[in-house]
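Welcome! Please take a moment to turn the structure around on your screen before reading on. The notes that follow are a short guided tour, grouped by topic.

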Amino acid sequence: MDGHVEGELDGAPELVITADGFFPRAADMRAVFDERFGDPYAVHGHRFVWDYWHVPHQYTLVRTPAEDYFGPELYAEFHAALTAWGRANLGCSRTTPVWLSYYVDGCEQQLHCDNPHGPWAFVFSLTDWENRRFEGGETMLLRGDTLDFWRSHEAGGMVEFAQLADVVAPEFNRLTVFDPRLPHGVRAVRVSPAPAGGDPARRPAPRRPPPPPAAPDRARRRLRRGRGTRGPGGSWRTGGSSSPSPSTRET
Ligand SMILES: [Fe+2]
């Protein structure tokens, strides 16, 4: 005797889910981060907890264990909200240890899968997305058509990034949950080097540097003779000519 059982889904399986306004105390979490980076001259233990994680051509970001960073009380509330949501929506009630990461200019994650770590992956954003002064940072996930490319390929059809991947913006307080078998990554962040977003209003008053030591007479004469030109390396030199820049060199 043999047989089989058939079941029907209501529709296509949901591989990416977003929940906006996820955690009522998201602003408190962000405030912890902002307060610790508010004064770049302040020295305290939390300044030294970050791991600059760089795997060539794969990952570049700065991370730390979230529980240690936010402290037991605030983190416990977040973790309780996360596990409750997972139990209600995914049938999952446990998570692996959660990382907190920040991305400054040049940080990114190239495509990878996270399926060895569990049946679902998530990103919870504390980014002030509406007031951002950078590009990138979105989660990008390859689309089903891309993963089954030849079956859906149309000769002559336009294929660019938008046709190959879905992009989810890390809006503030957004939980993004996805099937970790989907190749995904984080778009490279460009422009601001400030962990808190590069807002000039946050910039501290400059501290006056100590006066430079007096230059010897011979060096002063040499500086007067030469005219400063900017070479392709970006450093100031004395002398009347500069090397050709790569953008103007003929090949
Ligand atoms: Fe991932």
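Let us begin with one residue: leaving out residues up to four places away in sequence, Phe-178 touches Leu-15, Val-16, Ala-121, Leu-141 and His-184. Keep in mind as you look that this is a predicted model.

**The nonpolar cores**

- Phe-178 belongs to the largest nonpolar core, which has ten residues in all.
- Two residues that Phe-178 touches, Ala-121 and Leu-141, are also members of this core.
- The other members are Phe-122, Phe-124, Met-140, Ala-165, Leu-175, Val-177 and Leu-182.
- At least two residues of this core come from each of E6, E9 and strand E7 (139-142).
- Another core lies apart from this one; it has six residues, including Met-29, Tyr-69, Phe-78 and Leu-100.
- As background, nonpolar side chains tend to be buried together in soluble globular proteins.

**A three-stranded sheet**

- An open sheet is built from three strands in the order E1-E9-E6, with antiparallel pairing.
- Strand E1 (16-19) and strand E6 (121-124) are the edge strands, so called because each pairs on one side only.
- On average, and ignoring direction, neighbouring strands in this sheet are turned by 15° against each other.
- Strand E9 (residues 175-178) runs antiparallel to E6, and four bridges join the two.
- You can find one bridge by looking for Val-123, whose partner in E9 is Thr-176.

**A helix to look for**

- Helix H3 covers residues 72-89, which makes 18 residues.
- From its first C-alpha to its last, H3 reaches 25 Å, close to the 26 Å expected at 1.5 Å a residue.
- After H3 comes Gly-91, which has a positive phi, near 75°.

**The chain as a whole**

- The protein chain contains seven helices and twelve strands.
- It has 251 residues, of which 12% count as buried.
- Among contacts with a separation of 6 or more, 75% are between residues 24 or more positions apart.

**How confident is the prediction?**

- The average pLDDT of the protein chain is 81, and 73% of the residues score at least 70.
- Over residues 217-251, the pLDDT is below 50.
- That stretch has 21 contacts in the model beyond near neighbours in sequence.

Terms used. Residues numbered from 1 in each chain as written. Predicted model: local features only at pLDDT ≥ 70, side-chain atom pairs only at ≥ 80, totals over all residues. Buried ≥ 20, exposed ≤ 12 C-beta atoms within 10 Å, placed from the backbone. Contact = placed C-beta atoms within 7 Å. Axes fitted to C-alpha atoms, helices over the stretch in contact; angles between N-to-C directions. pLDDT = per-residue confidence, 0-100. Core = buried A, V, L, I, M, F, W, Y, C linked by C-beta atoms within 7 Å. Expected span 1.5 Å × (residues − 1).
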